[in-house]
Amino acid sequence: MEDHLPPGLLEACVVLGATSDKLKEAYQVGRHQQGIGAESPVLEAEVLQVHVPPFESREKAVDCAGPAAFSRVQRRRSFIKKKERPAVLPGDPCPGGEEATQDISVPKDIDLVGLPQLCFPGGLTIWSDPKEPCFHFLVFTDVLGNQTHGVVLQYCRPVQLFQESSLQQNGHWSKGSRLYTAYGVCVISKYPYYTALRDCLSCLLSQLKHCRITDSDQRVKEFSAKLALVPIPPPGDLHVVFNLSPLVIVLPSREDRYHPVVDLDLHLPFLCFQTRELLQIITAILTERRIVFFSGDWARLTLMAECFMLYIHPLRWQHPLVPALSHQMLDFVMAPTAFLMGCHLCHFEEVSAETDDLILINIDDGTVSSSSSEHTDLPAVPSYAAESFRTRRRGLQLHYDLEVSQQGGSTSVNELRAQRRHWQQRLNLQIQNITLELIVNIFRGVADHLNFEHRVFNSQEFLKSRDPSDQLFYKEVLESHIFHSFLKDRLNQKMDAYTRMEQSSHSETQKMKVMIDNLRRPTMKDIVRRSSSSENCVNRRLGTSLPNLREESHLSILRQTSLIETPLKIRQKHIKQFKLPDFHPHLSYQYVQDYYTDLIGLLGKAISFAPRDDSSLLARYYYLRGVVNTMCGRRLDALSDFQSLNHTDVEIFPAALVRALVDSLQHEEQAQVDRRPELKRLVCRVKTSESGDDTVQPTSDHVRKFEMPKTSMPLEDFVTHVQQSGIVRDVGTIHRLFDALSVGPEKEVDPAVFRMFYTFWKETEAEAQDVHLPAEAVEQLDHSECVYKLSCSVKTSYGVGKIAMTQKRLFLLPDGRRGFVDITKFRDIVEVKTSSAQFLLLRIPSLRIKSSRKKEIFEANLKSECDLWSLMVKEMWAGRKMADDHKDPQHMQQALTNVLLMDTVVGCLPPQKGISAASKLAYYDRMRQEEPTAVPKTTSETLKHRINPSLHLPSQQTVDGLLYTPGQLGKSDMEGDGNPKLWCALSHGRVVVFDAASWSTKHNCIQVGQLPLRCMLGMDPEQVWVGSQDSTIYIINTRSMSCHKQLTEHRSEVTDLVLEDRHDMYSQTLAYSCSLDGQVIVWDVSTLKMRRQFYLSCDKLTSMQLYNRALWCCAHDCIMEVRKTGVVQRKICMQQDPAHPPSHFSGFIVYLERDQIWTSCADSPELCVWHSDNLQKPAQRIELPDSAGVTCMLRVKNQIWVGCRSSSDSQTQAVGKIFVVDVGQAAVEKELLAHTDSVRALCSAEDRYVLSGSACLDGKIAIWKVE
């Protein structure tokens, strides 16, 4: 149990200094040298005291009534220190005999052997005059990279070294001849609470100044015991406050579980260094150099190092970190590996002369230099990132005195401290956002070169996408351990601060471009920006040769978004503080238990007074109370708190601690758990997850670089390599590419062919970045158009010039003059054919294109390119027709991908084989020729648009559920965009969110479990409930787009969720959930507590609806009207026909305005309409032609929309139909050919549109107009 408890504020408190024997010896040496004041001898510091929790004895714990308490004690090891003689003052003679030792038990992570040198890095001596107390800070790192932090107080104490002058009165030294030496108190903690622990030691110092020397040991022990009682606040917006007279101490919480504690002044480096030096230091860290900080103040060393560690977050330093080296440890800087260390400024010349290739950082002078040359060889930070950082820095207010110059003074020290702390927290938040923006700007675009399925990073292509001037920087960074760890987090799709800022900084145009275009071609808007910003750029013709990448100065311009000009959005935190009870004067075991009792009582009051809708704050209170209850041995109370925490925020749920609690339950406690259903469910779930841990395979944590194949590739290997290369993700397209490139009876692709194909594709992609168009052409084209193919100069019916192809049209760039001649748009093409033109005695192959908007036929003598252009134009024509007919822009995007693959295949294969191979990629043209099926007029008129939720996945996924949530007017940018959203549940627990105003992808993956999702419900503007096949209800926060809450009371697959209408503004909001086993649970939405539950006797409960305060439920064998108490009032039973296979109800709609109940069956091509007043009356039946069964139904206005699966077995024709039934006439009004697979989900968008989702063979969402 102890190993699973979260660490408290104090790990250990160590008192260090010189022993009385060493002091006496030093005095005698100095006396022989004629005066100590002339040259004080150096003393050897030793560990004098070690205080580690628990401070109450276990004997008292056993004698105390009640269950045994758990103490926050980690695994221990022994430390042997010299034992001080009791009741002997520093100047007293030591009695003879052997040196005594004492075995002290200390936490295993704390090494006390080298601690004296770190606590007195400048050495220890004695003085004739007292020195001012001082503080400095330490960082300890173990071999696994785990860090422990220390704050050291050095203070002077008088000593008396010779008996003849020693006068002691009432325990105090006389004012005779005095000498002074320093003692150190080091507080060690698992968390970097530098400011808080320094304030704590300041409070201790005020006590030590006014107490007897003989009482100082007891004061330090009491001080340590108090700090050991302080719990660490969980991640979030709740800070812990406690009173340690005379100061009030604040422990700030972490921002989230991935973010470290920030309890220091982050602006200190901004006061010491200019922008150039700041960026140099960050570069040195990112490139993993050997770095040494220097300062004449020991405290600055650690604070500066820690500030820079926070600046590079979420990247993490992976090498030794020793910010404060004592003079005995200077040999550490000779280490051959990367490190970050700190030394006193007096050692600057010595370190610089002895070691080469060090980055020397002088904090006091604000300079950065190298030990091997006059100038550092650090590469420059990319210019666009550096300029943004420089601009942001100029807007910082770094001086507190200027901030409060207009305010009056305060008579309260704690008020002044609170005011200063509030200013510092705001400034820290600004600096964190500025440095995070710097990291985002540096590594923006990394995700574009990642393959998540195969965990591959294409570093070479990423480097090519960077500016030539930035190549050196990225070459060094990409080889670092820091970047490798960063890649792991990106591949694991970690939702940390970096991901949130990168997503929030994308403009709507960038989001749309990511959604419809992954072929990396500049749009007309990009070309205009490039032309206006780089007039001296060399103009080039596309399609001749690979351009000189060193002249691609426009790439940086394309990446320079408006971040520099726009103000940085910083979410204002609403921080809450929880004040701990005052410490008892004597911390015996009973007083400690009383303190915990008081703390539990205060947390209970805080929970009762907390707003019910502030679940985040409630979760923090539940967490703290659960931990304290665990400390007190109140296991059942702790489990109850953690059960409530699981409802309010699963992100901070301590699974290991709860599992240890469950394992430690006594027999009597287990019996009480069995009598409390909520605890029984928690214990059952913990044990189930524990048993399943052994069967779960660990997730892969490796990152691979893309490499060319070395052997012939069968289909499976070819798919893997193409996906890793980032060229194509879709498996069907890769299969067609394999058919085009494979040779021989074994059907394998030669590695040399693949290398040629890959090289040609990337060269064409690079050439496209350097395309130049005349202003007349740019003005005529849409901003979103890109030039994908440009021919050589050819003779055409419109004159001599180059034919250019975009995703929308063909146009001609005449030779010899600047101009633009529109040939045709793809949707206007009527006919495409090849012919030959007579020229003297030769017949030159030509391409003829007939357009519906022009009388004359366009003809171009394309010569050897004619066959390729014919294939490409036909494919684009067919793709455009398919996109227009099906209102699906992805067909055009897929056709464009096919065309570019054709071009590449022809370029990398011999001429006689290239056209034949490329023809295998003409997917849409082949479909047009083989099965020219027209979309029915009714379907075309009703269909508005299609979107693909599986766009970022290698294959199509089944759409298991759809939910539309309306927009919110007046919502600020910090709270969200306020636009309506479409939530789409895909296979394996993936939720994709679309902006319903533009149909652009807002979030392409919110992971909620691993099993299929069955239902979704928007509870309020800030949460969406999702029912899963794993029996859990997941609650998604619509602001953070993350799932931190779960409801786990169901024992079977959750099948439906409904929300009860509130009768008035004071009534509670209730929600109902049902599961396949017949369980119905009523939830209080504000508290997430279960109000009541009941079970229905039926076969597989699948859905429910609320009407007129009655609950209607649909099961496989019946439709039931149920009271809210669970009593069944009426029932419609499934009548099985012995002559046909068994069927079951698949859905129902209660239409009480017309006294009707509509039902459907999974295997029946008809709807049944029942009279609600007389369920025994035979139902009216409505036939659904060419339907094999109903999958879902939806009521919209006076219509019933019915999703079906067709009886057709065709893989190309629509097998997922939607029937629109007129309620008044009880007849089919429309028959819509919706999808090429069965319809799986329907939802309404404000009764204006209906959205349908289909199974995986289609996997798309169709948007229909409601009339």
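What follows covers the confidence of the model, one helix pair and one buried glutamine.

This is a predicted model, with local features reported only at pLDDT of at least 70 and side-chain atom pairs only at pLDDT 80 or more, while totals for chains, interfaces and linings use all residues. Residues are numbered from 1 along each chain as its sequence is written, and side-chain values use heavy atoms, leaving out hydrogens and water.

The average pLDDT (the predictor's confidence in each residue, from 0 to 100) comes to 84 for the protein, and 85% of the residues score at least 70. Residues 85–99 stay under 50, yet the model gives them 24 contacts beyond four places in sequence (a contact being heavy atoms within 4.5 Å). Residues 694–698 are also below 50, and here the model has zero contacts beyond near neighbours in sequence.

On to the helices, which are DSSP runs of H or I with at least four residues, numbered from the N terminus. H22 (residues 635–648) packs against H23 (residues 655–663) at about 145°, the axes lying 10 Å apart; axes are lines fitted to C-alpha atoms over the stretch in contact, and angles run from 0 to 180 degrees between N-to-C directions. From H22, Arg635, Ala638, Leu639 and Phe642 meet Leu657, Val658, Leu661 and Val662 of H23. That makes seven nonpolar residues, one charged and no polar ones at this contact (nonpolar: Ala, Val, Leu, Ile, Met, Phe, Trp, Tyr, Cys and Pro; charged: Asp, Glu, Lys and Arg; polar: the others, Gly among them).

Gln723 sits in helix H26 (residues 715–725). Gln723 counts as buried because its relative accessibility is 7%, the cut-offs being under 20% for buried, over 50% for exposed and partly exposed in between (1.4 Å probe, protein chains only). Leaving aside residues up to four places away in sequence, Gln723 touches Asn451, His454, Val728, Arg729, Val731, Ile734 and Pro954.

Note on methods:
Helix = DSSP H or I, 4+ residues; strand = E, 2+ residues; numbered from the N terminus.
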